[in-house]
Amino acid sequence: MKTRFILIETSHAGNVGAAARAMKTMGFDDLVLVRPRWANVLRKEETIQRASGALDVLNQARIVESLDEAVDGLSHLCATAMTPRDFGPPTRAPRQHFEMLIQGELKAQAGQAPEADLTDEAVASSASGETGVGLLFGCERFGMANDDVYRCNVALSIPSNPQFGSLNLGAAIQLIAYEWRQALGGFPVVEHTPHPSRADMQQVAGMLGHWEQALAHLGFLDPAAPKKLMPRLNQMFNRAQLTQEEIHILRGVAKSMLQSTPPKH
């Protein structure tokens with residue numbers, strides 16, 4: 001689904017870079033700036049540094065003079081507004097609204113009745129696969145203007161501490177981008193460490209035999225009266241679900257014990 005992040009009258013260059021970074025980590029790349037404070041904000045050093053490698057997002061970002069230009073081609077607009085308004089679109093948490101939006105699109109594609117608060121235009125666009133979602137963010141000092149909020153379908157409010165709901169613009173964009181990506185299906189978690197290879201029963205038995213020799217060598221195990229020491233060790237190691245690497249370590253310990261001088265009695 002086409003997704004556009006729209007920053008209105010952004011005053012800090014670093015936040016533009018942070019926005020690009022937040023977007024790229026969640027797989028989005030359509031960024032539009034409406035009347036930013038700096039005409040060259042996309043090339044400022046602070047912007048580039050805060051983007052932290054998301055230069056492709058900055059390179060294709062656009063600067064426009066009006067919100068009308070920024071929302072061209074979009075059918076569903078989401079304001080991000082923490083300040084309550086006397087009237088306007090409904091206020092929802094991002095996760096709640098995004099789930100409704102996705103369900104509305106799926107119903108439209110299946111020819112079913114959409115959610116009541118999705119406009120006919122949005123539903124028609126969804127059915128044709130051309131839905132465009134705009135995520136709007138106001139300036140750092142004053143947030144979004146009332147007129148800009150009123151033209152949106154919803155006002156998204158990030159659930160936060162009621163006594164301190166102030167979020168940095170870059171952090172707000174990251175949270176909204178994450179929630180929208182999750183609603184779209186998310187990304188799989190990639191394993192960063194190889195899956196350990198479990199030791200088989202033969203390897204465990206061989207290690208236990210090695211330990212039995214080492215413990216007898218140290219005098220800890222009396223071969224003539226072993227009692228239940230080895231079966232108990234066997235159960236303990238079975239519960240540990242040893243890997244092949246751990247078997248090698250334990251055999252190394254047994255080898256060192258066998259090479260040590262037995263204690264004098």
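# Exercises on a predicted model

Both F5 and F137 are buried. The model is predicted. The exercises below start from these two rings.

## Exercise 1: Aromatic pairs

Task: Find how many aromatic pairs the model holds, and classify the pairs F5–F28 and F5–F137 as stacked, tilted or edge-to-face.

Solution.

Step 1. Count the pairs. Ring centres must lie within 6.5 Å. The count comes to four aromatic pairs.

Step 2. Take F5 and F28. Their centres are 5.5 Å apart and their planes make 50°, which gives a tilted pair. F5 belongs to strand 1 (residues 2–8), while F28 sits in the loop between helix 1 (13–25) and strand 2 (31–34), so the pair ties together parts 23 residues apart in sequence. Both F5 and F28 are buried.

Step 3. Take F5 and F137. Planes under 30 degrees apart count as stacked. Here the planes stand at 5° and the centres are 6.3 Å apart, so the pair is stacked. This pair links distant parts of the chain: F5 in strand 1 and F137 in strand 6 (residues 132–137), 132 residues apart.

Step 4. Join the results. F5, F28 and F137 form one aromatic cluster.

## Exercise 2: Charges over rings

Task: Which ring face does R181 lie over, and which does K44 lie over?

Solution.

Step 1. R181 lies over the face of F28, at 4.4 Å from the ring centre.

Step 2. K44 lies over the face of W38, with 4.4 Å to the ring centre.

## Exercise 3: The sheet

Task: Give the strand order of the sheet, and explain why strand 3 and strand 5 each have one side without a neighbour.

Solution.

Step 1. Read the order. Seven strands form an open sheet, 3-2-1-6-4-7-5, with parallel pairing.

Step 2. Look at the edges. Strand 3 (62–64) and strand 5 (91–92) stand there with a single partner strand each, so one side of each has no neighbour in the sheet.

Step 3. Turn to strand 4. Four bridges join strand 4 to strand 6, running parallel. One example is H76, whose bridge partner in strand 6 is V133. Three bridges join strand 4 to strand 7 (residues 154–156), again running parallel. C78 has V154 as its bridge partner in strand 7.

## Exercise 4: Buried or exposed?

Task: Decide whether the residues of strand 4 are buried or exposed, then do the same for D72.

Solution.

Step 1. Strand 4 is mostly covered, with five of its five residues buried.

Step 2. Sort them by direction. H76, C78 and T80 point one way from strand 4, and L77 and A79 point the other way.

Step 3. Move to D72, in the loop between helix 4 (67–70) and strand 4 (76–80). Exposed means over 50% relative accessible area. D72 has 58% relative accessibility, so D72 counts as exposed.

Step 4. Add a distance. The C-alpha atoms of D72 and G134 are 9.6 Å apart, though the two residues are 62 apart along the chain.

## Exercise 5: Helix 8 and the core

Task: Which strands does helix 8 lie across, and which residues of the largest nonpolar core touch the most other members?

Solution.

Step 1. Helix 8 (residues 169–184) lies across strand 1, strand 4, strand 6 and strand 7. Helix 8 runs at about 155° to strand 6.

Step 2. The largest nonpolar core has 35 residues. F5, L7, L31, L135, F137, I173 and W180 touch the most other members.

Step 3. Ask where the core comes from. Elements that give two or more residues include strand 1, helix 5 (94–109), strand 6 and helix 8.

Step 4. Check W180. Leaving out residues up to four places away in sequence, W180 touches several residues, among them F28, F98, V133 and L135.

How values were computed
Residues numbered from 1 in each chain as written. Predicted model: local features only at pLDDT ≥ 70, side-chain atom pairs only at ≥ 80, totals over all residues. Heavy atoms only, no water. Phe/Tyr/Trp six-rings, centres within 6.5 Å; stacked < 30°, edge-to-face > 60°. Buried < 20%, exposed > 50% of the residue type's maximum accessible area, 1.4 Å probe, protein only. Lys NZ or Arg CZ within 6 Å of the ring centre and 35° of its normal. Pairing = 2+ DSSP bridges. Contact = heavy atoms within 4.5 Å. Axes fitted to C-alpha atoms, helices over the stretch in contact; angles between N-to-C directions. Core = buried A, V, L, I, M, F, W, Y, C linked by side-chain atoms within 4.5 Å.
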